[in-house]
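Good morning, colleagues. Please keep the sequence and the structure in view while I speak, as I shall refer to both throughout.

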Amino acid sequence: MTPEKTPLESWIGRKITGSSSGILASEGLKEYQLNKLGETLDYVREKSSFYQRHLGKTDYTLTHLEDMAKLPFTTADDLRRFGQEMICVKPSDIHRIVTLQTSGTTGQPKRVFFTEEDQELTLDFFHQGMLTMVKPGDRVLILLPGSVPGSVGELLQRGLARAGAEGLVHGPVYNPQAALEHMIRDGVNVLVGIPTQILTLARVQKKMQVPIPPLLSVLLTTDYVPHSIVRELVKVWGCQVFNHYGMTEMGLGGGVDCQGFNGYHLREADLYFEIIDPSTSRPVQEGQSGEVVFTTLTRTGMPLIRYRTGDYSRFILEACPCGTVLRNLERVRSRDRVDLGAGKILSMADLDEAIFALDGVLNFSAVIAGECGKKILAIEVLMDGAVSERAKKMMLQAIETYPIIQSVLSSGQTQLALTFNTNTAAYSGEKGTGKRMILDQRGWGA
């Protein structure tokens, strides 16, 4: 059966044409983006002391979208050091400030500034994007921060109301049983949350055999989404599992799956995306993989020009099964990559696919350390109960023989140390919604 066309197409069509029909043509979208890029460059050059200096005397006249390649990038380090200088409005016009302190980063954090109009853009995207997976009358449990006005959960709750659905803000899952009780009490049939936390809900519910209302769909967001988690959620709950791509710098929302599950459709009326070769900083050929770069088209508080995300993906050349004219961005790969030497690269995404596929795993942490000239990959796995010695050996073998991990271990320069934590109360100590990373302790204390 042909999947329904993404609702983002007609929404973007209405935004760029002003017509209620929402008919969108790819050439019309490109012309709109080119015009908006020109307007944004004029705006930041007039309003932002950072971009006045950053763009300098660069010829930023754009005849084609490809001309963006002649402009300099903006980086996370720029945001940390010069964020205040990127602001293009009066301080009184800033409606919300989000502070981001990346794990393992010292010094000044990133701060992203939004006007009320900027947040309305996000609210509008949440409304339209959620139409892919909800219908009027659905009850959606929001397992994200939402107690503060303008926070992601609060904006999502308001966006769902526009879609005729009821959003119930629970917050991140610190206590799986409490979240399950909330689902039962309020007859929830849709979940939105962090991949590992929703996996924990599914496995705790399965183990405890707690009857819950049938789930129609789940939306995973805020972190890389392992295929192993998606497969487990489909197996346990029999629901559709959607993936959202976004980051605070994008204005929280970037793109979302359609019912064809063939990559993200993007907020192309609000954001312009490029894929570059991270080693040369040049645009890649269409369809090739590289680093995701975006430029805001409609933000007024803190516009960003060619912002390097550190995420890796590609545009899918084949048409989406839903039939949209919008581009498809392949699901992003984790930006967390540890160089182990000898051409061996390991990411949290690699570990996710190997470990979350194992029965009973709720979460895990990973640390790289140096010891006696060798590297130690120490993995602590949080289980949903006691684990027999036989099961431990089988899990160790499954992890060691996972192709990418096996390749890393085969050189003999890296050893695996696997431990198990069966104290499920430890889960409640995992606070925050930041991206999970391999902690690299090599060189600590030197």
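I begin with an internal feature. In the lining of the largest cavity, three residues are nonpolar, four are polar and four are charged. Please bear in mind that what we are viewing is a predicted model.

The volume of this largest cavity is about 40 Å³. With a threshold of 30 Å³ or more, the count comes to one cavity. Which residues line the largest cavity? They are D118, L121, T122, M250, G251, R267, D270, L271, T296, T298 and R299. Helix α5, residues 116-130, supplies the largest share of that lining, namely three residues.

I turn next to an open space. The second largest pocket holds about 540 Å³. Its lining comprises 23 residues, and those nearest the centre of the pocket are E66, Y272, F273, E286 and R327. Which elements give two or more residues to the lining of this pocket? They are α2, residues 26-47, and β10. By class, the lining of the second largest pocket consists of twelve nonpolar, five polar and six charged residues.

Strand β10 leads us to the sheet. Here three strands form an open sheet in the order β10-β11-β12, and their pairing is antiparallel. Why is one side of β10 and of β12 left without a neighbour in the sheet? Strands β10 (271-276) and β12 (307-313) stand at the edges and each has a single partner strand, so one side of each has no neighbour there. From one strand to the next, the twist averages 30 degrees.

Within this sheet, β10 and β11, the latter covering residues 290-296, run antiparallel and are joined by six bridges. As one residue pair to locate on the screen, I suggest I275, whose bridge partner in β11 is V292.

A parallel arrangement is found elsewhere in the chain. Strand β3, residues 139-143, and strand β4, residues 166-169, run parallel, with four bridges joining them. In this pair, L141 has L168 of β4 as its bridge partner. How does the chain cross from β3 to β4? The path goes through helix α6, residues 152-162, and the resulting β-α-β crossover is right-handed.

Finally, let us consider the chain as a whole. The protein chain contains twelve helices and 20 strands. Along its principal axes, the C-alpha trace spans about 65 × 55 × 45 Å. For 446 residues, a compact globule would have a radius of gyration near 22 Å; the protein chain has 22 Å, so the value agrees with that expectation.

To close, I would draw attention once more to β10, which stands at an edge of the open sheet and is among the elements giving two or more residues to the lining of the second largest pocket. Thank you for your attention.

Technical notes:
Residues are numbered from 1 along each chain as its sequence is written. This is a predicted model: local features need pLDDT of at least 70, side-chain atom pairs count only at pLDDT 80 or more; totals for chains, interfaces and linings use all residues. Side-chain values use heavy atoms; hydrogens and water are left out. Two strands pair if DSSP finds at least two bridges between them. A crossover is right-handed if, with the strands pointing away from the viewer, the path from the first strand over the helix to the second runs clockwise. Axes are lines fitted to C-alpha atoms, for helices over the stretch in contact, and angles run from 0 to 180 degrees between N-to-C directions. On a 1 Å grid over the protein atoms alone, a cavity is a set of points where a 1.4 Å probe fits but cannot get out, and a pocket is an open set with protein on both sides within 12 Å along at least five of seven lines; lining residues have an atom within 4 Å of a point. Grid points are joined across faces, edges and corners, and a volume is the space filled by probe spheres set on the points. Ala, Val, Leu, Ile, Met, Phe, Trp, Tyr, Cys and Pro count as nonpolar, Asp, Glu, Lys and Arg as charged, and the others, Gly among them, as polar. The radius of gyration is taken over C-alpha atoms; the globule rule is 2.2 Å times the number of residues to the power 0.38.
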